[in-house]
Amino acid sequence: MTLDEAVIDNFLDFFWCRLESGLWRTIDCFSLQTSGALDLLKNSRKTLDLGCGDGCFWFLAGGGKFHPKFDFLFQATENLAEFYRGKDVFDDSLGKEIPIIKRSKVQFYRGFDIKSTLLSKADMLGVYRKLIQGDANNNEFVEAEIYDYIFSNIIYWLDDLPKIFAGIHKSLSDGGKFVFFMPVDRFLECRPFGGELFLDSSYDDFVRAIDRGRFVSDIKNVLSEEEIRAMLGAAGLKVRHCSPHLTMSTIKLWDVGMRPFFPLLSNMAKRINTHDYLEVKNTWLKDWGPLLKDLIVADRSNISGENCCFKLYICEKY
Ligand SMILES: C[S@@+](CC[C@H](N)C(=O)[O-])C[C@H]1O[C@@H](n2cnc3c(N)ncnc32)[C@H](O)[C@@H]1O
């Protein structure tokens with residue numbers, strides 16, 4: 001593995017009760033590192049994370065650490081009952097300080113997101129010099145600043161890609177970079193709940209409970225590389241790098257994962273006293289950590305153009 005073990009451990013520790021997310025996010029880091037996108041970020045000054053959310057991704061990717069007794073995921077409490085109806089249970093203010101014991105080495109000049117609750121958490125992580133709230137669908141990030149580097153892992157959630165790409169072009173300096181992940185057309189096929197279960201009405205209630213609206217509402221754009229290249233070119237963005245990201249096997253594992261049990265695990269974890277809690281978590285990580293690391297290695301060694309579900313693009317304004 002070329003990625004720092006400490007970064008992998010960081011993600012697994014954070015996502016110990018949502019290991020499928022730990023898997024996906026660690027592989028994101030691998031792709032960003034091997035493609036050179038991470039080095040480009042470190043060498044840029046005016047950087048924007050478009051759709052930064054609570055900022056935890058870059059906090060963890062940069063080696064940031066919370067106090068071991070602080071579990072970020074289990075701070076979500078208000079909306080747990082709404083979880084199965086598709087509510088984002090993390091769209092909730094924390095109402096207390098986040099105990100950070102190690103700062104992230106990654107720093108962004110700006111972070112942008114639509115949700116003020118998530119931005120209030122991002123503000124405590126020290127990853128962003130300034131946070132901006134706005135709707136990317138209306139290109140509200142445009143004209144606030146001119147950036148050298150824009151990163152986004154939410155492009156496929158947005159409505160009108162040609163409009164967004166034009167906004168990105170306008171927001172970049174000449175030679176500025178735009179780095180983003182985008183699902184390819186087979187992404188929906190390889191999701192069990194987007195596939196046969198979803199199409200068979202006898203599974204309706206079950207699928208609705210565990211898919212939580214993701215299939216119908218979250219993913220707005222799933223496009224082939226040719227389609228994306230054409231849109232980028234029309235917006236004045238040249239593709240400098242495009243690599244396959246996330247195998248079909250990883251996406252299938254992720255699609256079920258531990259997500260359906262999150263409210264139950266969260267309620268259980270909150271009832272464990274602090275001493276036992278750390279012991280439970282560490283046992284869990286001791287047993288599952290090595291298996292997850294094997295999955296990460298398998299994903300990286302099996303990835304090819306034929307079995308990938310996403311692509312990572314590095315573009316340049318010309
Ligand atoms: C899956 S989260 C990713 C968050 C973060 N980048 C990360 O890696 O953890 C998707 C994010 O996109 C944001 N988002 C969705 N639609 C948006 C829009 N129209 N404008 C700005 N942010 C948006 C959500 O609020 C959420 O924080």
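## Ligand environment

In this predicted model, the ligand is surrounded by 16 residues, of which G51, G53, F57, I114 and A136 are the closest. The shell comprises 9 nonpolar, 4 polar and 3 charged residues.

## Sheet architecture

Seven strands form an open sheet with mixed pairing, ordered β5-β4-β1-β6-β7-β9-β8. The edges are occupied by β5 and β8 (237–247); each has a single partner strand, so one side of each lacks a neighbour in the sheet. Direction ignored, neighbouring strands are turned against each other by 15° on average.

Strands β4 (residues 108–113) and β5 (residues 128–133) run parallel and are joined by 5 bridges. Within this pair, F108 has Y128 in β5 as its bridge partner. The connection from β4 to β5 passes through helix α5 (residues 116–125), giving a right-handed β-α-β crossover. A parallel pairing over 5 bridges also links β6 (residues 147–152) with β7 (residues 172–183), where S152 is the bridge partner of F180 in β7.

## Helices on the sheet

Helix α5 packs on the sheet through β4 and β5, and its direction makes about 175° with that of β5. Helix α6 (residues 161–171) likewise packs on the sheet, touching β6, β7, β8 and β9 (308–317); the angle between the directions of α6 and β7 is about 145°.

## Helix–helix contact

Helices α2 (residues 19–34) and α11 (residues 248–256) have axes that come within 8 Å and cross at roughly 145°, in a left-handed crossing. From α2, residues E20, L23, W24 and I27 meet T250, L253 and W254 of α11. This contact is made up of 5 nonpolar residues, 1 polar and 1 charged.

Conventions. Residues numbered from 1 in each chain as written. Predicted model: local features only at pLDDT ≥ 70, side-chain atom pairs only at ≥ 80, totals over all residues. Near = placed C-beta within 6 Å. Nonpolar A, V, L, I, M, F, W, Y, C, P; charged D, E, K, R; others polar. Axes fitted to C-alpha atoms, helices over the stretch in contact; angles between N-to-C directions. Helix = DSSP H or I, 4+ residues; strand = E, 2+ residues; numbered from the N terminus. Left-handed = near helix turned anticlockwise from the far one by under 90°. Contact = placed C-beta atoms within 7 Å. Pairing = 2+ DSSP bridges. Right-handed = clockwise from strand over helix to strand, strands pointing away.
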